[in-house]
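Me: Please take a close look at one single part of the model shown below. Once that part is clear, I would like to see it set beside some other places and the chain as a whole.

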Amino acid sequence: KKFVQIAIDGPASAGKSTIAKLLAKQLRYVYLDTGAMYRAVTWWALKNHLPLNDEKAILQSLGHEPIVFVPAADGQHVRLFDTDITTAIRSEDVTNNVSQVSALPGVRAEMTKRQREIAAGQDIVMDGRDIGTTVLPHADVKIFMVASVAERAKRRFKDNAEKGIHVPEETLAKEIAARDYKDSHRAESPLKKAADAVTIDTTHLTIPQVVAAIVTEIE
Ligand code: C5P
């Protein structure tokens, strides 16, 4: 059987994971949040005070330990070394350091390998930065999801408020722009629209409108 692969890439906070989750649920496909994998590695490096530019130390310390996604009533939980890191990987500390760790070629090679292994043998919706360009270059549908920085900062601010995190919207806008810059300018598989991806600008769209637009693409 040939399995269906849907790749959703784009800059930070453009709505990729919200949409990918809904889409996967509707299609009954597996959802893989590749950003959570890079966040998990970053969390581990920070927790163990490993230098964030030392890919050997980071990879050695991680070894073959799997980053586990566990279905739960409130969505997927992420576990690493028997610790539930679902909340911890969304901290400002992880968010503002993840681009440094994800730029390490060895870390990317390891995550890409793991992502392809997960994709093999099942229908999947994967979101990230390099899914359409590098991880699943033969994906059946490739979406490049974008939104204005102001709109993305507004959405992140709302998400944060629900979690009791209070960072000014202006600061969030700066952090989002800085992360996009780093992710787009790294040497190894930078954030980039695949030549055969369809761009969807979600700035003025509702969540159901975006899901519908992608379902149309799939059909
Ligand atoms: O998607 P999310 O914002 O959680 O991703 C966190 C970070 O992980 C990104 O800013 C980027 O540095 C890295 N990432 C990546 N490649 C992916 C997914 C995420 O480099 N496929």
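The part I mean is histidine 49, which has its place in the loop between α2 and α3 (55–62). Is histidine 49 buried or exposed, and what is the sign of its phi?

Reply: Two conventions come first: this is a predicted model, in which local features need pLDDT of at least 70 and side-chain atom pairs count only at pLDDT 80 or more, whereas totals for chains, interfaces and linings use all residues. Residues are numbered from 1 along each chain as its sequence is written, and side-chain values use heavy atoms, with hydrogens and water left out.

Histidine 49 is exposed, with a relative accessible area of 71%; here exposed means over 50% relative accessible area, buried means under 20%, and partly exposed lies in between, with a 1.4 Å probe and protein chains only. Its phi is near 50°, a positive value in a residue other than glycine. The helices and strands that frame such loops are DSSP runs (H or I of at least four residues for helices, E of at least two for strands), numbered from the N terminus. A second residue can be read in the same terms: aspartate 82 lies in the loop between β4 (77–80) and β5 (83–84), has a positive phi of about 60° although it is not a glycine, and is exposed at a relative accessible area of 70%.

For a contrast with these loop positions, consider aspartate 33, which is found in strand β2 (residues 30–33) and is buried, with a relative accessible area of 12%. Its side chain reaches the backbone nitrogen of glycine 35 at 3.2 Å, and one of its side-chain polar atoms lies 3.1 Å from the backbone nitrogen of alanine 36. These are polar contacts, that is, pairs of N or O atoms within 3.5 Å, where within protein one must be able to donate a hydrogen and the other to accept it, and residues adjacent in sequence count only if both atoms are side-chain atoms. With contact taken as heavy atoms within 4.5 Å, and with neighbours within four places in sequence left aside, aspartate 33 is in contact with Phe69, Arg90 and Asp127.

Asp127 appears again around lysine 16, a residue of helix α1 (residues 16–27) that counts as buried at 8% relative accessibility. Not counting residues up to four places away in sequence, lysine 16 touches Ile8, Asp9, Gly10, Pro11, Asp127, Gly128, Arg129 and Met145. Lysine 16 and glycine 128 are 112 residues apart in sequence, yet 7.8 Å apart in space, C-alpha to C-alpha.

Helix α6 (residues 131–135) holds threonine 133, which is partly exposed, with a relative accessible area of 30%. The side chain of threonine 133 reaches the backbone oxygen of aspartate 130 at 3.4 Å, and a polar contact of 3.4 Å joins its side chain to that of threonine 134. Beyond four places in sequence, threonine 133 is in contact with Lys192, Lys193 and Ala194, while its C-alpha atom is 29 Å from that of proline 51, 82 residues apart along the chain.

Two further helices can be added. The buried residues of helix α4 (residues 92–102) are Val94, Thr95, Asn97, Val98, Ser99, Val101 and Ser102, and what covers them includes α2 (34–47), α5 (105–119), α7 and α8 (169–185). In α7 (residues 149–163) one finds phenylalanine 157, partly exposed at a relative accessible area of 34% and in contact, outside its neighbours within four places, with Val167, Pro168, Glu169 and Leu172.

As for the whole, the protein chain comes to nine helices and eight strands. Its radius of gyration is 16 Å, close to the 17 Å that the globule rule gives for 219 residues, so the chain is as compact as a globular protein of that length; the radius is taken over C-alpha atoms, and the rule is 2.2 Å times the number of residues to the power 0.38. Along its principal axes the C-alpha trace spans about 45 × 45 × 40 Å. Of the 219 residues, 47% count as buried, and residues 24 or more positions apart account for 73% of the contacts with a separation of 6 or more.
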